[in-house]
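Please work through the exercises below with the structure open beside you, trying each task before reading its solution.

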Amino acid sequence: HVLINNAGIMFGGRKETEDGFESQLATNYLGHFLLSHMLLPVMERTGQTDTPARIVNVSSCAHYWGAWMDFNDMNLRNLYSPEKAYGNSKAAQIMFTSQLDTMLKSGQAPVKVLSLHPGVVYTDLYTNVTWVKIFSLIAKLLMKTAKQGGDTLVHAALDPDLVGSRQVYLENCRQGRNSSFTSRVENQAKLWGLTCSLLGIQQFGTS
């Protein structure tokens, strides 16, 4: 089994969900965290040592914008910018991936967790980006098509060479380089605990 967490919105004015979460954080990260939590028991039952189940979290090179994430203001109520909100959500995806993959490895669970940057892909995600709308023809020439953008997702989901690999972040079907902020174990652990608290999760992967 493969779970690909790829729901996403980008930029726009600040909005909150019914639960009070900033909308980009909720859509791009919290929803993925919660879904993974709910489906993990199934993933563990269906995965095998030589063919583990996989959880693939779609991030972005924009995760570098999340390098100044304020753990005390995850919903950006004090100071909001669309770019900051998007960067935070994508940085969170990478830190979630690293923390969960480490936990599952320590428990010898047959589940591999990966995150990736699919490239700059021309999709409706850019609805709120003015220059893309104005210069759409140029944008189409510079950006990947949706089909091309799916290449790294398919690679992460199916490539057998990734089973025993220590890679957790991919770009263009290769090992990518994520920010030092998202690589710090203490940041990963802090985000994990905060996210579980926000979502009311006492033990990840159990009901």
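The exercises that follow go from the whole chain to the sheet, then to a pocket and a single residue.

The model is predicted, so local features need pLDDT of at least 70 and side-chain atom pairs count only at pLDDT 80 or more, while totals for chains, interfaces and linings use all residues. Residues are numbered from 1 along each chain as its sequence is written, and side-chain values use heavy atoms, with hydrogens and water left out.

**Exercise 1. Describe the protein chain as a whole.**

Step 1: list the elements, taking helices (H or I, at least four residues) and strands (E, at least two) as DSSP runs numbered from the N terminus. The protein chain has 8 helices and 5 strands, and from the N terminus their order is β-α-β-α-β-α-α-α-α-β-β-α-α.

Step 2: turn to burial, where buried means under 20% relative accessible area, exposed over 50%, and partly exposed in between (1.4 Å probe, protein chains only). Of the 207 residues, 49% count as buried.

Step 3: consider contacts, meaning heavy atoms within 4.5 Å. Among contacts between residues at least 6 apart in sequence, 73% join residues at least 24 apart.

**Exercise 2. Work out the order of the strands and how they pair.**

Step 1: two strands pair if DSSP finds at least two bridges between them. The result is an open sheet of 5 strands in the order S1-S2-S3-S4-S5, with mixed pairing. Because S1 and S5 (174-175) stand at the edges with a single partner strand each, one side of each is left without a neighbour in the sheet.

Step 2: follow the parallel pairs. S1 (residues 2-5) pairs with S2 over 4 bridges in the parallel sense, and Ile4 stands opposite Val56 in S2. S2 and S3 (residues 111-117) also run parallel, joined by 6 bridges, with Val58 opposite Leu116 in S3.

Step 3: look at the antiparallel pair. S4 (residues 169-171) and S5 are joined in that sense over 2 bridges, and the bridge partner of Leu170 is Gln175 in S5.

**Exercise 3. Determine the handedness of the units around S2, and say how its faces are covered.**

Step 1: a crossover is right-handed if, with the strands pointing away from the viewer, the path from the first strand over the helix to the second runs clockwise. S1, helix H1 (residues 23-46) and S2 make a right-handed β-α-β unit. From S2 the chain crosses through helix H2 (residues 82-106) to S3, and this β-α-β crossover is right-handed.

Step 2: examine S2 (residues 53-58) itself, in which 6 of 6 residues are buried. On one side these are Ala53, Ile55 and Asn57, and on the other Arg54, Val56 and Val58, so both faces of the strand are covered.

**Exercise 4. Find which elements line the second largest pocket.**

Step 1: on a 1 Å grid over the protein atoms alone, a pocket is an open set of points where a 1.4 Å probe fits, with protein on both sides within 12 Å along at least five of seven lines, and lining residues have an atom within 4 Å of a point.

Step 2: the lining of the second largest pocket comprises 13 residues, of which Lys105, Ala109, Pro110, Val111 and Val163 lie nearest its centre. H2 and S3 each supply at least two residues of this lining, and the largest share, 3 residues, comes from H2.

**Exercise 5. Is Asn187 buried or exposed, and which residues does Asn187 touch?**

Step 1: Asn187 lies in helix H8 (residues 185-199), and with a relative accessible area of 10% this residue is buried.

Step 2: not counting residues up to four places away in sequence, Asn187 touches Phe71, Met95 and Phe181.
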